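Biologist: I am new to this structure and would love a close look at a single helix. Could you walk me through one, and show me how it sits in its chain?

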Amino acid sequence: MQSSALLIALVVLPAVGAGVLALVPRLEGRVATMVGATIAIAELVGAALLAIGYHPNGAVFQDASTQVLAAPFGLFWRAGVDGISVLLIVLTAIVVPIAILGAPERHRTRASIGWLLLLESATVGSFASLDVLLFFLFFELTLVPAYFLIAGWGDQRRGPAAAMKFFVYTLVGSAFLFVGILVVAFLHQSQAGGALTFSLTALSSTHLNGTTGVLLVLAFTAAFAVKSPLFPFHTWSPDAYSEAPVSGSVVLAALLAKLGTYGIVRFDITLFPHALVTVGPWLFALAIASILYGAVVACGSSDLKRLLAYSSLAQMGFVVLGIVSLNQAGVSGAVLLMFNHGIVTTALFLLVGFLAKRTGLSLVTGVRGIQGPAPILAACFTVAMLASIGLPGLNGFVSEFLVLIGFFGAQGWWVVIPTLGVIVAAIYLLWAYQQVFQGTLVTPAGASISDLDVRERSVLVPLLAIMVVLGVYPKLVLDRILPSVVHLLAHLHAAGLTTTSVGLR
Amino acid sequence: MNTVAIPSVHYIVILPEIILTVAAVGLLLASSLVPGRLRSSVGTGVTVIASACVVVDCVAQWVDISRHGPSTTMAHVIIEDGFSVVAILVLAVSLALSALVADGWLNRERIEGVELHVLALASVAGAIMMAQANDLVVIFLGLEIMSIGLYVLAAFDRRSARSGEAAMKYFLLGGFSSAIFVYGIALVYGATGTTQLGQLADFLSTNVLRNQGLLLAGTALLLVGFAFKVAAVPFHVWSPDVYEGSPTPVVGFMAAIVKVGAFAAVLRVLASGLFTQQDGWRPMVFALAALSMLVGAGMATVQRNVKRMLAYSSISHAGFVLLALWAASPRGTAAALFYLATYALLVIGSFAVVTVVSADGREDLTSYRGLAKRRPLLACSFTVLLLAQAGVPFTTGFLAKLGVIESAVEHLGWPGVALGVIAMVATAISGYFYLRVVVLTYAAPVDVSPTAPAAPTLATSRPAARLAALGSGILLEDTRDGELVDHAEEYGPAPARDDATVPLATAVAIAACVVPTVVFGVWAGPLVELTTRATMLFHP
């Protein structure tokens, strides 16, 4: 099979699955889970093939395909992958089947799985787009399934409100992105002539004067900062993460958050190298604010889901910190951290979901001493938590370390401040662990705490395995993303900008 | 002795008006000649056949234009160009779909007779005339023919006092707006000595008016007249009341054909006749567009009656088309045409669903609670229609918004960019109220005792307070006790009686609205190409 067809199939397949589930009412209940899981696993196999077929030192964008959708509007299908997008497509393909199998909904299963599959299509489509407008289409499309997942299967009372807030907030952020995209395209058309195009490679040659560039990078970054989220645009995220069903929290934190930071990597660096350097200090400030604010508020959260939401905020702060460092260590560390955070946060939200199911509480608060009756659950939580803290030997360490090296290269001793965030993360996670798992057993009346069953264990195993493997041997992934990062940073050099040389080679 | 020269007539061009008028008069004659009441399904049949004939004529005109280029006929007051053909096509399809929707409604309400169809046929003949007119007087004729039918249609439900009130309101305000429009024509004539758009453009491009005041005032009055018709803010106050009071199938029809007819005419007047006067009219259109988009979307969020909500949403849609009008470019004209084509289907489909769901006369959002459980297909169609109106990607609604915003941003100046941002913010706000309904349709039916004391919540407080609460709810970090979405308790119990099946004709109409919305949303090329090509054939 030609590999560009494989990439197209990866985008289309889950959407087709969602359509089948939507149109065939008989696939209700367990059958829906089976169908959904089959499609998601087929997608995973496809993504694995894509990753295996990807040559790190080959063409910059591989498996490329172009197709006209609506020429007068400038709407084209342009897809292709580099090392960064392959990694994130693989992440998507890993997370979705785990979300489907790990946390199936009891009622209206068919619809919930349909939305998850549509979300997978939209996410893979976003990562595969080499056309800014096409990216925006998929970027927006993710909102709809995410909205319905939170509103339909989240907390009965507060879910709809949280979903609405998520939807409207994100859409307002996208308003600026959308207009920014159009402005870049029309500027390019006025400079280069010809038909209206949104092709990333074409637009990257647009000349922007100082102010225009800064305004455009702000417009783009507004949408990405909301989606990531980044302080102070994060206010939707604690609500959305904590009121969503388990599968919803997983896809929100593990996948949708990555769309924001991916946007910064892919579009801000490629389109506005000069302006990104200009606004760099401001983004550093926001990233550090996210890290510190997320860590401090997480310390004060009594509910585990909210704690994870704020911890995610801090982690995404690290990602942005790495990207804006604009050197090899920083950017590749950030990309690796996006992957690692996706894996770790999936495991953590699943575990919290398992815990919530056992205690019958939507908020995990006021329970103690779980490790007695459920040692395996506690052990899994420990591993995931340690990976999140950044313990050497687990995957979180490598990426956070690279990000901090990159930031040191860019800003010197300022690195002390984000490092504080790492320490506070250890405090609040260990604190939470102490409260929930250690001590004498306290559970709500009538709750019986059992250990993880086979299905729950089997969805966690691959996640824990990835944490260990990438903790010990990160080269597996780094070798594949580094050439793409180098190429990305070449945009800066081509623009006559010198970046601090924290190389990895 | 003076001889009156009969101008040459290109009959293929005015065939649509002839077909529809003949059908209307024929139906009227038949109903007076046939003993007893003529069955309404006869009217539906005739209307659909007439619409099909118009569509065939459109194809013939398209071929004619492709061969010979755009032209004028009847002493240059009627135009045959790609733009008018596509507008007529949209109007004919809207007519046929509305007739199918109305058929189910007439049967349900046990209204015999063909009067509704006669009036609808006449109205569309007027709208088509507006789309083809190349002369301000002919535009006015079309406007009146269209409006008079609609005034009566608004009052069609004679048993309902609200329907009568709506019609009276529509008639009075419509009458005023027509008068203002005519005065605008008079002032333009006074300034330039002609009412024909081609001559107007020639005159203005070869002469410099020493005093712009008269022409500017005329242009402003013309715009006010149009703004009343398409319900653009601040000339919109009639529309929620009229939408709420009029019979539901009529509302969808009204919303579609008035917007298509009036926008087709205003595009021609501004983009062709008064093109050189852009500096005068573009600021006015800017204000109309920005206000319509924001006020329409904002007010829709606080409505509890589904028809009022859709009325405000349609005000917001008018703002989007005005955006393309403001652009005053070929791209803008094509985008406006595309927007109108998609909007017509979306609005007719949406009101068709409302017609079916509100069979028991309940139009508040409560009646949508749990709709998916009772009628999965209907709920699914409504979801698609509302999501498309919200501009979700891979529906025609997204492409329509993309087109108009592109046309505004193409100017690359601050005003265009600002309008683009306003449009997107309005889209975000509109996502709120469309999705609220969609979620309600999928929510489990909750039975709450109707006597429960109502706490002063969002739903009962004043609109301004509700808007403020919504805004702060979106921005603040912790809305755990905020009130973003109405809770079950605020609604009454879900409707108990819900046994009627969807009439076949209505189901066909809804399917005909939903399927293209998705199909062309994904496979967008043909429709976009058609409107763009149609605009390239715009008569200069």
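Modeller: Happily! In this predicted model, chain B has 20 helices and two strands. Of its 540 residues, 59% count as buried. Contacts in chain B often link distant parts of the sequence: among those between residues at least 6 apart, 81% join residues at least 24 apart.

Now to the helix itself, α6 of chain B, which covers residues 161-192. With 32 residues at 1.5 Å a residue, α6(B) should span 46 Å, and because its end C-alpha atoms are 46 Å apart, the model agrees with that expectation. Just after α6(B) comes B:G193, which has a positive phi, near 80 degrees.

Which residues of α6(B) are buried? Among them are B:S163, B:A166, B:A167 and B:Y170. Further along, B:G174, B:S177, B:F181 and B:G184 are buried too, as are B:L187, B:V188, B:A191 and B:T192. The partners of these buried residues are other helices of chain B: they pack against α5 (136-154), α7 (197-206), α8 (213-230) and α9 (238-245).

To place the helix in a wider setting, let us turn to where the chains meet. Here 41 residues of chain B are in contact with 36 residues of chain A. On the chain B side, the elements giving two or more residues are α16 (396-409), α17 (414-442), α18 (463-475) and α20 (525-536). The largest share, 12 residues, comes from α17(B). By class, that side of chain B has 26 nonpolar, 10 polar and five charged residues.

Technical notes. Residues are numbered from 1 along each chain as its sequence is written. Chains are lettered from A and ligands numbered from 1 in the order in which they are written. This is a predicted model: local features need pLDDT of at least 70, side-chain atom pairs count only at pLDDT 80 or more; totals for chains, interfaces and linings use all residues. Helices (H or I, at least four residues) and strands (E, at least two) are DSSP runs, numbered from the N terminus. The expected span of a helix is 1.5 Å times one less than its number of residues. A residue is buried if 20 or more other C-beta atoms lie within 10 Å of its own, exposed if 12 or fewer, and partly exposed in between; C-beta atoms are placed from the backbone. Two residues are in contact if their C-beta atoms, placed from the backbone, lie within 7 Å. Ala, Val, Leu, Ile, Met, Phe, Trp, Tyr, Cys and Pro count as nonpolar, Asp, Glu, Lys and Arg as charged, and the others, Gly among them, as polar.
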